[in-house]
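Work through the exercises below with the sequence and the model open. Each task is followed by its solution in steps.

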Amino acid sequence: MNVKVSDVVDAQGGIVLSRKEAKSPDEYSRVYRRLTLRSLNEDGYVDDAELEYFYATEPLEDALFTQTGDVAVRLSYPLFPVLITTDSQGILVPSQIAILRVKDSTTIIPGYLRLYLAQRSVQERVKEIESGTAQRTVKIGTILDLQIVVPDLKTQKEVVSIDELSRKRERLYRSLIDQERSLTERIIENIIGGTAK
């Protein structure tokens, strides 16, 4: 079945941070972790190392924070859609990022929505639609107007499972490459006698 994204999700933009940001250390009432554009990883996960702290002048409403099952997307190209898990819930969403919340998980599961929006063909379509803008910004309306293919739930779960396994393997490979690089550097340092003076 083909549907518009707006038929299966509720969308919400993030908060304009400057409106609630404490100007000095004495003014803040709460400290929150917040998403950044860099924290939305192209592999579909939130990179905790790229989160930042936000010092707010007052408590912020719950709707401005990520919830398990949300799909966060950058409002710039590329979208880098990310599925919010229990590990990444409760993080403040700034205005450069939108949250898509699935209306009915018996129609589409959040993991499938994330996967579909991450497909190269969908990313290229968004880029084509937004090509007239000087910056690489993307309107929420552009995302909501996209037509997506929604197969039965069994197929969605199978596709998501295959994708998750592939991304897990990719992370392991990257980790092995980093470890190999580190080992090679130590071996070379030992051979040539340590660090440069």
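**Exercise 1: a surface patch**

Task: find the nonpolar patch that includes L183 and state its accessible area.

Solution. The patch on the surface consists of L183, I187, I188, I191 and I192, and their accessible area together is about 500 Å². Patch members have over 30% relative accessible area and no salt bridge (Lys or Arg side-chain nitrogen within 4 Å of an Asp or Glu carboxyl oxygen), and nonpolar side chains are joined within 5 Å. Areas follow Shrake-Rupley with a 1.4 Å probe. L183 belongs to helix 5, residues 153-192; helices are DSSP runs of H or I with at least four residues, strands runs of E with at least two. At a relative accessible area of 38%, L183 is partly exposed, as buried means under 20% and exposed over 50%.

The model is predicted: local features need pLDDT of at least 70, side-chain atom pairs 80 or more, while totals for chains, interfaces and linings use all residues. Numbering starts from 1 along each chain, and side-chain values use heavy atoms, without hydrogens and water.

**Exercise 2: the sheet**

Task: give the strand order and name the edge strands.

Solution. The open sheet has four strands in the order 2-7-5-6, with antiparallel pairing; a pair needs at least two DSSP bridges. Strand 2 (9-13) and strand 6 (82-83) are the edges, each pairing on one side only. Strand 2 is joined to strand 7 (residues 97-102) by five bridges, and G13 faces A98 of strand 7.

Definitions and conventions:
Patch = residues over 30% accessible without salt bridge, like charges linked within 9 Å, V, L, I, M, F, W, Y side chains within 5 Å. Buried < 20%, exposed > 50% of the residue type's maximum accessible area, 1.4 Å probe, protein only.
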